[in-house]
Structures are given as structure tokens and as C-alpha cells.
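Reader: I'd like to go through the labels people put on a structure like this one. Can you back each of them up for me?

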Amino acid sequence: MFGFVQLEFPWALGPPDGRYVVRGHAGELEHVLVIATLGAPERRWLRGRRPKAATPTPAPVTTGRATLVTARALDGAVAAERWLREAGESEADAAVAVLNRVLHLYRVATADAHAREVRREQAVVVRVGFGEGEQVADGRWRQALELPAPRLAARRSAALRPQERLAALLGGRDAALACEELALRARQDIDAGRRREAALQLDAAFTAALAELAPWTPRADIGARLAELGELHAGVQAAARRALEGGIDDGTEAAVRHALERLEAALRARTALGFD
């Protein structure tokens, strides 16, 4: 018997359908990931065909299914049932983390900048269960449970009042800063455990922020926040140099996280000033 977590998303995940062996840093087998695409529309050659009349009927949705199977077998049916009783959101979060690792490597391998990672909240269904090896590899199981959708929690954001700001951005009353996008990329990397990438992104974000936030210095406490970022910049630059040299230790990662949080706070403070 092997335990598994199965996630389905309303889009094709990217990697071709099949089984993928996921190993740890020491080469130890950790998981087998099974990718399947369900309901994919039939591809046809469009050469010589004319456009047809449109209808308001929604197009069928492609579903991407990822089944993450544990590498170590469960010790019999009793142990499997106990594992299933105790399984929950922690297993789902761990499965999303492994899936995102694979999707990140797929993006690098294919040089596809638009291949995206996923969040737990985006899954239309999450199942945990157990079954025999070939059974779970084919998307079936001996016993499984469907986890309830998680409660929507307030996510970390670089902006306050997002709907109001979106209207301001669309109306030309505000502008998206380069440092905001760079900070978001650093946040994605640090949350995914990509320390080196996070340090390098944050260095670029700080450099942009110190220039882009300067016009807001006289307003509210932006000047004090910029001064704080200026003091943190040397540490961020040092972390980026260590990243280029090949490694980021736990202490440096903590410093990167702290600096990123202070940059995010400064960006929220600017948004709080309004858009008029």
C-alpha cells in the first residue's frame, strides 16, 4: 500500500502526461509524481478552415491532475487506514510544494517563462488516500477522502485596497512600479525555498525601490521607510553576492526574509497614501 495526494486544477499543468521520479538532494527516492490531462480538447489542423459562428456556450475546461505517491510503502492495511485518518492539509501543502518544485524545473528545462506554479486554493479538488502501487499510479485507489476547500485567508499583499488600486492603475492615476513586480518574484522564490533566486531578485527589487519610491519621500513616513531600506541594502547586496558564489545559509535566508518583509511594508505604506 502507498499513500498519495491527488490535486486537480482547471488547466493543463505543463509537463507531458506520465510518471516522474522525484529524488532528494542525496538522490534518495522521495515521490513518484503522475501527471494526467483530463478533458483536453481534440487538436485539429486548422489550415484551410474558416472561422465559424460563435456561440455563448462555454468551452470545455481542460483539467490537469497531479497524483503524488509516497516512495515508502505503508506497513499494511491497518497502517494505511491510520495514515488516512491523520492525513489533512499538511499533506496537501507538502504535495503542492513538491508539485511546484517540478513545475519550476519544467519551466527551466523548457525555457518557458509563462509556465506557472500553483497554490493550494486553486485546486478544484484535493484527495488523500492509499492503494496498491500500479493502482494509485493510474489515478485509482483502495480508499480515499476528499479534503474540504480551505478557508480563504487574507494573503500577503504588496498593496492595500487592491480593487481601488486596480481602478487607479487602469485609469492612469497610478503606475505599477518595477520594484513591486521584482518583490513579488522574490516572495515567490523565498516561499518556494529557492534561496539563491530570492536573494538575487531582492537585490534588484531594492535597487529599483530606492529610486522609484524617492518621489514619495516627503509624504507620511515614506522617508523613514526609505532610510530603513537604505540601511538594509548592504545586507541584501551581500546576500546576492553569496548567492552568486553558490550558497545561502540559514542566517542569510533569515536576513533576506526580513529585508523582503520591510520592502513589502514600504510598498503597502505607499499604497495607503491613496491614488489622487
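Author: Happy to, and bear in mind that this is a predicted model. Let's start in helix α5, residues 178-191, where Arg-185 and Glu-181 sit 4 residues apart, about one turn of the helix.

Reader: What makes Arg-185 and Glu-181 a salt bridge?

Author: Their closest N and O atoms are 3.1 Å apart. The cut-off is within 4 Å, so the pair qualifies.

Reader: And why is Arg-185 called partly exposed?

Author: Its relative accessibility is 39%. Buried means under 20% and exposed means over 50%, so Arg-185 falls in between. Glu-181 also has a relative accessible area of 39%, so it gets the label partly exposed too.

Reader: What about Asp-191 and Arg-257, how do you know that they form a salt bridge?

Author: Their N to O distance is 4.0 Å, and the limit is within 4 Å, so the pair is counted. This one links distant parts of the chain: Asp-191 belongs to helix α5 and Arg-257 to helix α8 (residues 250-272), 66 residues apart.

Reader: Are Asp-191 and Arg-257 buried or exposed?

Author: Neither label fits: Asp-191 has a relative accessible area of 46%, so it is partly exposed. Arg-257 is partly exposed as well, at 30%.

Reader: What makes the salt bridges around there one network?

Author: They share partners, and that joins Arg-187, Asp-191, Arg-195, Asp-250, Glu-253, Arg-257 and Glu-264. Across the whole structure, the search finds 24 salt bridges. Another of them joins the side chains of Arg-165 and Asp-174 at 2.7 Å, N to O, and both of those residues are buried.

Reader: On to the sheet. How do you know that β1 and β5 pair?

Author: Pairing takes at least two bridges, and β1 (residues 2-9) and β5 (residues 125-131) have 7, in the antiparallel sense, so they pass. Leu-7, for instance, has Val-126 in β5 as its bridge partner.

Reader: Why is the sheet called open, and which strands stand at the edges?

Author: The order of the 6 strands is β2-β3-β4-β1-β5-β6, with antiparallel pairing. At the edges are β2 (18-23) and β6 (143-146), each with a single partner strand, so one side of each has no neighbour in the sheet. From one strand to the next, the twist averages 20°.

Reader: Which helix packs on the sheet and touches β6?

Author: That's α1 (residues 76-86), which also touches β1 and β5, its direction making about 165° with that of β5. Helix α2 (residues 89-110) lies across β1, β2, β3, β4 and β5, at about 70° to β1.

Notes
Residues numbered from 1 in each chain as written. Predicted model: local features only at pLDDT ≥ 70, side-chain atom pairs only at ≥ 80, totals over all residues. Heavy atoms only, no water. Buried < 20%, exposed > 50% of the residue type's maximum accessible area, 1.4 Å probe, protein only. Helix = DSSP H or I, 4+ residues; strand = E, 2+ residues; numbered from the N terminus. Axes fitted to C-alpha atoms, helices over the stretch in contact; angles between N-to-C directions. Contact = heavy atoms within 4.5 Å.
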